[in-house]
Amino acid sequence: MSEQTGGAGDLAAERGLVVVISGPSGVGKGSVHAGLHGLLEGLEDSVSATTRAPRPGERDGVAYHFVDAATFDRMISSDALLEWAEYAGNRYGTPRAPLEDAVARGRTVLLEIEVQGALQVRDRLPEALLIFLVPPAFDELERRLRDRGTEDESTVQARLEVARSEMGAQEHFDHVVVNADLEQCTAEVARHIARARSGL
Ligand code: 5GP
């Protein structure tokens, strides 16, 4: 690709960034993600492909690209997805081309994805900024699950297993941010993004 126009300073300032917001389900990824748009300029949302059915109000191409299983298979085999994962019986993946295009235009692309997908981004795009959100009292999860007494032991174990593997992924992220207070958490994530964009 040619870099004949613009000085080196311009190019450095315009370099795009991929930001992954991840963490265990229910931690508030969507709220933090939405809040970032009010705090930072130049953000672009990655629109994932999914095999799940649209929920009421979700528009194709906005919330997600809603595709059938055969289309998703083709996207995988043609390497059109940067990452993908199965979650609760459906598949979700990040289309590679729009992301690469936005980064080339100096944009900051936000991916709001589950943990397995985030780890794939870590491998395939080491320069991406990975942020892991945690709930304030996650270590109480086991106690709460048991105290509630509504789940049988195998369900408790299954949930703990998912939670454990998700929490164990923290070390692969650049930043772990506790979501105790939405506003504070969003501001902290925005600071990490701003710092990464300025190359610090
Ligand atoms: P939902 O069905 O509630 O919209 O999303 C279910 C989960 O899939 C959420 O944790 C969401 O962040 C995650 N997700 C959405 N898009 C993607 C994607 O492109 N890749 C991966 N790995 N996870 C995704």
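These are numbered points on the fold, the largest pocket and several individual residues of a predicted model.

1. Overall make-up. The protein chain carries eight helices and nine strands. It has 200 residues, and 37% of them count as buried. Among contacts with a separation of 6 or more, 66% are between residues 24 or more positions apart. The exposed area of the chain is about 11,400 Å², and carbon and sulfur atoms supply 50% of that figure.

2. Strand β7. This strand spans residues 108–112. Four of its five residues are buried, so β7 is largely enclosed by the rest of the structure. Two pairings involve β7. Strand β1, residues 17–22, runs parallel to β7 and is joined to it by five bridges. In that pairing V20 stands opposite L111 of β7. Strand β2, residues 43–45, also pairs with β7 in the parallel sense, here over three bridges. D45 stands opposite L110 in β7.

3. The largest pocket. Its space comes to about 650 Å³. The lining consists of 24 residues, and those that lie nearest the centre are S48, Y64, Y92, E112 and I113. By class, 10 of the lining residues are nonpolar, six are polar and eight are charged.

4. Where the lining comes from. Which elements each supply at least two residues of the lining? They are helix α2 (29–36) and the strands β5 (81–87), β6 (90–95) and β7 (108–112). Strand β7 thus appears in this list as well as in the parallel pairings with β1 and β2.

5. I76. This residue belongs to helix α3, which covers residues 69–77. Is I76 buried, partly exposed or exposed? Its relative accessible area is 29%, and with buried meaning under 20% and exposed over 50%, I76 is therefore partly exposed. Leaving out residues up to four places away in sequence, I76 touches L81, W84 and R91. I76 and P95 are 19 residues apart in sequence, and their C-alpha atoms are 9.7 Å apart in space.

6. A190. Helix α8, residues 182–197, contains A190. At 7% relative accessibility, A190 falls under the 20% limit and so counts as buried. With residues up to four places away in sequence left out, A190 touches L36, L39 and L40. H33 is 157 residues from A190 along the chain, yet the two C-alpha atoms are separated by 9.7 Å.

7. Backbone at D79. Most residues other than glycine have a negative phi. D79 is not a glycine, but its phi is positive, at about 60°. The residue is found in the loop between α3 and β5. Its relative accessibility is 48%, so D79 counts as partly exposed.

8. Backbone at A88. Another positive phi, of about 50°, is found at A88, which is not a glycine either. A88 lies in the loop between β5 and β6. With a relative accessible area of 70%, A88 is exposed.

9. Points to look at in the model. For the pocket, one place to begin is the set of residues nearest its centre, including Y92 and E112. For the strands, the pairs to find are V20 with L111 and D45 with L110. For the backbone, the positive phi values are at D79 and A88.

Conventions
Residues numbered from 1 in each chain as written. Predicted model: local features only at pLDDT ≥ 70, side-chain atom pairs only at ≥ 80, totals over all residues. Heavy atoms only, no water. Buried < 20%, exposed > 50% of the residue type's maximum accessible area, 1.4 Å probe, protein only. Contact = heavy atoms within 4.5 Å. Areas by Shrake-Rupley, 256 points an atom, 1.4 Å probe, with all protein chains shown as cover. 1 Å grid on protein atoms, 1.4 Å probe; cavity = no way out; pocket = protein on both sides within 12 Å on 5 of 7 lines; lining within 4 Å. Points joined across faces, edges and corners; volume = space filled by probe spheres on them. Nonpolar A, V, L, I, M, F, W, Y, C, P; charged D, E, K, R; others polar. Pairing = 2+ DSSP bridges.
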